[in-house]
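Welcome! Here is a short tour of one structure, with a few places worth a look. Please have the sequence and the 3D view open as you read.

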Amino acid sequence: MRGQLLKLFFSLVITLFCLGSLLTTVIWYMVNNNNVEPQRPHPKKKSTPDSSDPSDPCKSCREVIDKVIERYSQTWRKQENNYQQFSSQLSSQCHGLDRAIITQANTPVGSKIVYDGDKKKTLKVTPELFSTFAKEHPFPNKTWDTCAVVGNGGILTNSSCGDIIDSAQFVIRCNLPPLGKGYEKHVGTKTDIVTANPSIFLEKYGALMGRRRPFVESLHSYGKSRLLLPAFSYGHNTPVCMRAVYSIEDFESPIQPIFFNPEYLQSLALFWRSRGLRAVRLSTGIIMASIALEHCANVHLYGFWPFGNHPHGLHALTNHYYDDRQTKTKFHSMPAEFDLLLQLHSQGVLRLHLGDCQPGEK
Ligand code: CDP
């Protein structure tokens, strides 16, 4: 009886051992069989300035820059048909000639402004607000011959592009950029419109809650130009932009404040979205380039280069020609915008300037 029990016990142990081995073999086979075809590595982050990936860390890759330069290097010639076609598509969808700027004609007392960055928010136009609007469009149906839109990219550093920028009939600048301190040789000084992001008022001028003279004095370098403010993009922009307007009036600064029309910004965002741009907000540069394309026969862009290295020589660049503050990639998709602008350059619709300029070039 005892012998039989022992026999049973050993057969159980052997059976369990065999089952275990079988199971181990099956698992081993499955694991190894999966590896017969080597697993594809996770797709590497592309080293191109992929339009759909604004957070691409490879801002400085040679490969990216080589591709851009390859597309850029063909001799540029204005293609009148392409320009006319693009400009009239913009006009028919966005009506920038009448609507880019808020005026007393397009936004009467009692009308409702809808904020383009927060569409649930509206503002009724009171007589006081109305009195701050431009009487009429500052450039009614005026077609300028040559316009320079100056972005703030570090590519302008030591570019010697000041003279050629200043030779344009109409010069547009972004975000109150510094023009003195030796920058003038590279970026020029002429200014017809300059934009200002309200974040500048918050960060540099204490939200204009205290002394306002330093702010008004900082505007001297833009002379009698227009200061274009996105006062109705977000609710919190309005009070600080109004403080900027009142400071300008109170100190009798010659600069003339005007406001972006949020209706126009909304239609412009849709226009670029229909061309594949998936950004939360358009950057100031592409907005101003779009306005220029409706108003100017020849549009030249300077300082548009959202990459960390110079296209020629590949030396490291700061993000702006005056500082290295980075772009908020959550909101803007500058490489994707650049890609679209480069397409327009290749089609002869506008001209992007990427290299240094010859001193004295006009
Ligand atoms: O207000 P935002 O952040 O759009 O612009 P910014 O940094 O003050 O620069 C003005 C414009 O220059 C941008 O909107 C871009 O169109 C252009 N820019 C560029 O192309 N590359 C850079 N590295 C910096 C600015």
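Let us start with a single residue: Y321 has a relative accessibility of 6%, so it counts as buried. Please keep in mind that this is a predicted model. From Y321 we move on to its ring partner, then to other rings, and finally to a helix.

**Aromatic pairs**
- The model holds 17 aromatic pairs.
- In one of them, the ring centres of Y183 and Y321 are 5.3 Å apart and the planes meet at 75°, so this pair is edge-to-face.
- Y183 sits in the loop between β4 (170–173) and α7 (184–187), while Y321 sits in the loop between β8 (296–302) and α13, so the pair ties together parts that are 138 residues apart in sequence.
- Y183 has 21% relative accessibility and therefore counts as partly exposed.
- Elsewhere, you can find a cluster in which ring pairs link Y115, F130, F133, F232 and F259.

**Charges over rings**
- Y115 also has a charged neighbour: the charged end of K121 sits over the Y115 ring, 5.7 Å from its centre.
- K78 lies over the face of Y83, 4.1 Å from the ring centre.

**Helix α2**
- Helix α2 spans residues 62–72, and its buried residues are V64, I65, V68, I69 and Y72.
- These buried residues lie on the same side of α2, because they cover an arc of only 125° around the axis.
- On the face turned away from that buried side, you will find the exposed residues R62 and E70.
- The buried residues of α2 are covered by parts that include α13 (334–346) and β9 (351–352).

Technical notes:
Residues are numbered from 1 along each chain as its sequence is written. This is a predicted model: local features need pLDDT of at least 70, side-chain atom pairs count only at pLDDT 80 or more; totals for chains, interfaces and linings use all residues. Side-chain values use heavy atoms; hydrogens and water are left out. Buried means under 20% relative accessible area, exposed over 50%, partly exposed in between (1.4 Å probe, protein chains only). Helices (H or I, at least four residues) and strands (E, at least two) are DSSP runs, numbered from the N terminus. The arc is that of the directions from the helix axis to the C-beta atoms. Contact means heavy atoms within 4.5 Å. Rings of Phe, Tyr and Trp (its six-membered ring) pair if their centres lie within 6.5 Å; planes under 30 degrees apart count as stacked, over 60 as edge-to-face and the rest as tilted. A charge sits over a ring if NZ of Lys or CZ of Arg is within 6 Å of the ring centre and within 35 degrees of the ring normal.
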